[in-house]
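Work through the exercises below with the sequence and the structure side by side. Try each task before you read its solution.

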Amino acid sequence: MYFAQQGFLSITRRRITHRRRRLTSLQKPLLKAAAGLALAASLISFGYARPVSIPGFVPPHALRESEYEEFFRSVPTPGQAREDLRILTREPHVAGTPADYRTAQYMLQQFHAAGLDAKIVTYRVLLPMPEEVKVELVAPFTREVSTNELPDGRANAGDDPKVIAAFNAFTPSGEFTGPVVYANYGLPEDYEQLERMGVDVAQKVVIVRYGKCFRGVKAYVAELHHAGALLIYSDPEDDGYRQGEVWPSGPWRPPTAVQRGSILPLYGYAGDPLTPGVAATSGAQRVPMSEVTLPRILPTPLSYADAEPILRNLSGPAAPRGWQGGLPFRYRVGPGTSRVHIELRMDYEQRPIWDVVAKIPGSVDPAEWVIAGNHRDAWTYGAADPGSGTIALLSVARGLGGLLKRGWRPRRTIILASWDAEEFGLMGSTEWAEAHAATLKRNAVAYLNVDVGVCGRQFGAAAVPSLSSLIREVASEVADPASGRSVLDAWSAEGRGTHPRVTQADAGMYRDGQKPLAEAPEARVRELGSGSDYTAFLEHLGVPSLDIGFSGPYGVYHSRFDDFDWMEKFGDPSFRYSVAESQIYGTLVMRLADSDLLPLDYWQYGQAIQGFLRGLGVETKNDHPGVRLPTGKALRATRKFTRVAGELRRRLAQVQEAGSLDPETLHEVNQDLLQVERNFLLDKGLPRRPWFRHAFFAPGVYTGYAAVILPGVREALDRNDFESARRQLDLVQAAIERGTRTLSQALEALSRPTLPRTAGQ
């Protein structure tokens, strides 16, 4: 009875106040009385609260769901979020270390305290650790590069010896000394520009700045051009003082901060390099180290304080337009008098990592899984990346645990996962996904990811198109802490250019080079590329996926300054955005786990695919004049897909409104809906990288993070292999046609005469 009264009262209150405007103490009693009258009138007139409508839920279940969601969203609090983050960031916790295991134990304890069945799952993966990282400027004067990142560059009482040296994971051991050449962001076109200028990078130390692509791409491209070593520095133009006040006065990168990170290639496959395609269990057959393809170049990251004297002493031609960074002198490409010595010693060992996994069995369709995950390991303290997402996962666990105590049971099974070793190469999530691949292919409904949960006030999302409507719907029901409007309203305003922009260094869903889906001009949902834990689920197994978070001026990414003090001062001082993140995250989980009809909108997907194909045609015409790429057939197939999806959308809305459907038919339709994404997988995967199997999305070879749309076709075009591009386009068309057949099956099931019975639980 509590839910029936309180749930509907809160819904009526939201409708009257429009997005939860604050009420005075005098207004609240009057509003409660009005809500009571509205409840009585609704029950008398309709037998249930007809105004309550949630996509995917028949009316009586929509009322019940709204009651449960209202309770869930009351559970997260700023105080609890703050305390969780304080505990999780007490010490650096790099994957595979004792401190990392302590965070796994904390997660396990909190899952158990919430009443959830949870366990630690251990894998053994290849994790290199630095034994020595030595970088020194040896000419025109001698200066050793610091790795402790303290503002004054020296160890003192505040220095934490547990902070790992600033290094790039998966570098080889070795030593190199040579002159320096500046190559902007280290993209292929930057090296082409140097070649046109007559600057040779072979057997030189190349220095590039972070940004525009994944750091592993920078190492890969430098190696292709026979560079001897690579320095990757954070330029103040990108996330330092040119953007605003630096830490501790502001949120931007201070001069000594270094961005650590892995350079393990993302374009081939994710996870443990020794066990591609299979889980890294103790008995797994492993590839010999001699057969593993790892970077051969010697790269290391630098702060802009240490990069400055190196860059200042370059001569040669002036840097081209667009290459000038934020340091106070004219950039030149070199070489010059700067010579750098690099010495790296790495300890390559198989080390344990620890996923923490909780499971809430479904009450009606327990074989269907909704998975929500966040990685837990960090390069140092990891307050924003990933702690802000970890505290959201804990809030979801507590909210769902509270609901379980009140009698709620999800229709489908919910899995909450705290992944390990994401920073080294998406390892914890990939190994778990590979271990459960057969089940995930059959029955996974969706994977919901949070990486950087909060580092500012700007909400953003990346997802497959079938989930974009659901994200907007949920965002419309959660209040934006700063404005009092809904998160959707604030998000839409940002889309119109009224919200402060975010930093390019954001490690969440905003990746350099990402393009918005060709859909709405506001509240844009971006495509998923790689760089976070959704990769194996979507691009290897075809599970619909999303990634959400609040972004902002985040200049301390992957540095020792990403700590509790930074979060409390700049990232989320009140921890109210952490609450909003938890509310959105958990509501998304509940909608997918509880819905009668899965809220997967394939009409929206069809619209997006049409945009992808039209864009491909325009790009081909512009970039490859005279090449005829027959996109017409694929477009016709996509229009048919969209028509069938639209008809299914209308039919599902009718079923939802009627509130009755044979349970067996309901199950059959839902099984078809969750299989459509799998229809988009290519049997043999992408050419030259078969682990990636999705026809529409993959990380780019030269982007790493950002998605390449229609990757098989575009990569063939990049190689000027036009026959292969046509074959890949045929495979795309076949994938679309498979999806159309599956949607048609669902329509056919809905059209069969059945004995009407109430849908659902």
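A residue counts as buried when its relative accessible area is under 20%, as exposed when that area is over 50%, and as partly exposed in between. Keep in mind throughout that this is a predicted model.

**Exercise 1. Decide whether H558 is buried or exposed, and describe its backbone.**

Step 1: H558 is found in the loop between strand β15 (545-551) and helix α17.
Step 2: The relative accessibility of H558 is 5%, and because buried means under 20%, H558 counts as buried.
Step 3: Turning to the backbone, H558 has a positive phi of about 60 degrees, although it is not a glycine.
Step 4: Now treat N184 in the same manner: N184 sits in the loop between β4 (174-182) and α6, and its phi is positive too, at about 55 degrees, although N184 is not a glycine. With a relative accessible area of 5%, N184 is buried.

**Exercise 2. Describe the protein as a whole: how many helices and strands does it have, and what part of its residues is buried?**

Step 1: The protein contains 23 helices and 17 strands.
Step 2: Of its 761 residues, 63% are buried.
Step 3: The accessible surface comes to about 27,500 Å², and 51% of that surface belongs to carbon and sulfur atoms.
Step 4: If we take the contacts between residues at least 6 apart in sequence, 80% of them join residues at least 24 apart.

**Exercise 3. Work out how helices α3 and α18 are arranged, and which residues meet.**

Step 1: Helix α3 covers residues 59-74 and helix α18 covers residues 576-594; their axes come within 10 Å and cross at roughly 150 degrees.
Step 2: Since angles over 145 degrees count as roughly antiparallel, α3 is roughly antiparallel to α18.
Step 3: The crossing of these two helices is right-handed.
Step 4: On the α3 side, the residues in the contact are E65, Y68, E69, F72 and R73, and they meet S582, Q583, G586, T587, M590, R591 and D594 of α18.
Step 5: Sorted by class, the contact of α3 with α18 has three nonpolar, four polar and five charged residues.
Step 6: To understand the spacing of such lists, recall that an α-helix has 3.6 residues a turn, so residues three or four places apart point the same way.

**Exercise 4. Repeat the analysis for helices α22 and α23.**

Step 1: Helix α22 (residues 711-718) and helix α23 (residues 722-751) pack at an angle of about 175 degrees, and their axes are 8 Å apart.
Step 2: The two helices are therefore roughly antiparallel to each other.
Step 3: From α22 the contact takes G712, V713, A716 and L717, while α23 supplies F722, S724, A725, Q728, L729 and V732.
Step 4: This contact of α22 with α23 divides into seven nonpolar residues, three polar ones and no charged ones.

**Exercise 5. Find what surrounds M346, F570 and I584.**

Step 1: M346 lies in strand β9 (residues 339-360) and is buried, with a relative accessible area of 8%. Not counting residues up to four places away in sequence, M346 touches M129, P130, E131, E132, V133, F167, T171, P172 and S173. Although M346 and S173 are 173 residues apart in sequence, their C-alpha atoms are 5.4 Å apart.
Step 2: F570 belongs to helix α17 (residues 564-571), and its relative accessibility of 24% makes it partly exposed. Leaving aside neighbours within four places in sequence, F570 is in contact with W247, P248, S249, G250 and P251.
Step 3: I584 is placed in helix α18 and is buried, with a relative accessible area of 0%. Its contacts, again leaving aside neighbours within four places in sequence, are F459, V474, V478, V487, I548 and F550.

**Exercise 6. Locate two cis peptide bonds and give the omega of each.**

Step 1: A cis peptide bond joins G334 and P335, with omega about -5 degrees; P335 is found in the loop between α9 (304-312) and β9.
Step 2: The peptide bond from D385 to P386 is also cis, with omega near 10 degrees, and P386 lies in helix α10 (residues 383-405).

Conventions
Residues numbered from 1 in each chain as written. Predicted model: local features only at pLDDT ≥ 70, side-chain atom pairs only at ≥ 80, totals over all residues. Heavy atoms only, no water. Axes fitted to C-alpha atoms, helices over the stretch in contact; angles between N-to-C directions. Helix = DSSP H or I, 4+ residues; strand = E, 2+ residues; numbered from the N terminus. Parallel < 35°, antiparallel > 145°, perpendicular 65-115°, else oblique. Left-handed = near helix turned anticlockwise from the far one by under 90°. Contact = heavy atoms within 4.5 Å. Nonpolar A, V, L, I, M, F, W, Y, C, P; charged D, E, K, R; others polar. Buried < 20%, exposed > 50% of the residue type's maximum accessible area, 1.4 Å probe, protein only. Areas by Shrake-Rupley, 256 points an atom, 1.4 Å probe, with all protein chains shown as cover.
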